[in-house]
Amino acid sequence: VGINKTDGEYVVIPNRVDAIRYCIENAQKGDIIIACEVSRLSRNTQQICEILDTIKKNKLCLLLLDGIIADCRDGNLDAISQAFIQMSAVFAELEVSVIRSRVKSGIRHARANHQALGRPPLTKEDLPSAFMQQYSSFKSGEINVSQLAKACNLSRPTVYKYLKLML
């Protein structure tokens, strides 16, 4: 996530939660904060309410691209906008809850039926042909790990994983 500050500086914050916090904490009175939808801010109703309180307190404007505007630049938030944002937050939280429930149910069902969970184990037959073609050159010492990785268009950790499998 990146934030374009008014002084022209662009700040990159990889973590979405930290980026939102930074944006709200560093916004100045009258600034407009833009988000795609409520669920991009948080999927927790309590956190959304806290964000709304901070936006009101700091006299900011929250523009959600799905059509909701929470203009608190005068220190107030109209009841309709607040209701829509809070309802959207409730549905976002419900969505997360339903997804978690379905995943847990699926895992329980798979375990009850003795199905393997996770990725299938990697076998020599699964290795890419490019790796297998270059492996003999590596084994004979003609190329090193970095060269093998580059020739196969693989990362070095992946090459090490494949080499371990070849032993």
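Why is the sulfur of cysteine 36 in no bond with that of cysteine 23? The sulfur of cysteine 23 is the closest cysteine sulfur to that of cysteine 36, but at 13 Å it is too far for a bond. A disulfide is taken here as a pair of cysteine sulfur atoms within 2.5 Å, and by this rule the count is zero. Cysteine 61 is likewise in no disulfide, with the nearest cysteine sulfur, that of cysteine 72, 7.4 Å away. Relative accessible area is described in three classes: buried (under 20%), exposed (over 50%) and partly exposed (in between), with a 1.4 Å probe and protein chains only. Cysteine 61 counts as buried because its relative accessibility is 4%, whereas cysteine 36, at 49%, counts as partly exposed.

The structure is a predicted model, in which local features need pLDDT of at least 70 and side-chain atom pairs count only at pLDDT 80 or more, while totals for chains, interfaces and linings use all residues. Residues are numbered from 1 along each chain as its sequence is written, and side-chain values use heavy atoms, with hydrogens and water left out.

Helices (H or I, at least four residues) and strands (E, at least two) are DSSP runs numbered from the N terminus. Two strands are said to pair if DSSP finds at least two bridges between them. Strand β4 (residues 61-64) runs antiparallel to β5 and is joined to it by four bridges. One bridge partner in β5 is alanine 70, which is matched with leucine 62. The two strands form a hairpin with three residues between them, and glycine 67 in the turn has a positive phi of about 110°. Strand β5 (residues 68-71) has a covered face made of Ile68 and Ala70, and an uncovered face made of Ile69 and Asp71.

A nonpolar core is a set of buried Ala, Val, Leu, Ile, Met, Phe, Trp, Tyr and Cys residues joined through side-chain atoms within 4.5 Å. The largest such core has 20 residues, and those with the most contacts inside it are Leu41, Ile48, Leu52, Leu62, Leu64 and Ile85. At least two residues of this core come from each of α1, β3 (32-35), α2 (38-41), α3, β4, β5 and α4 (79-112). Helix α3 gives the largest share, four residues.

Positive phi values also occur outside glycine. Most residues other than glycine have a negative phi. Lysine 59 has a phi near 55° and is placed in the loop between α3 and β4. With 30% relative accessibility, lysine 59 counts as partly exposed. The phi of histidine 114 is also positive, near 55°, and this residue lies in the loop between α4 and α5 (129-139). Histidine 114 counts as exposed because its relative accessibility is 75%.

Further along the chain, valine 159 lies in helix α7 (residues 156-166). Valine 159 counts as buried, at 0% relative accessibility. Its C-alpha is 9.9 Å from that of tyrosine 135, and the two residues are 24 apart in sequence.
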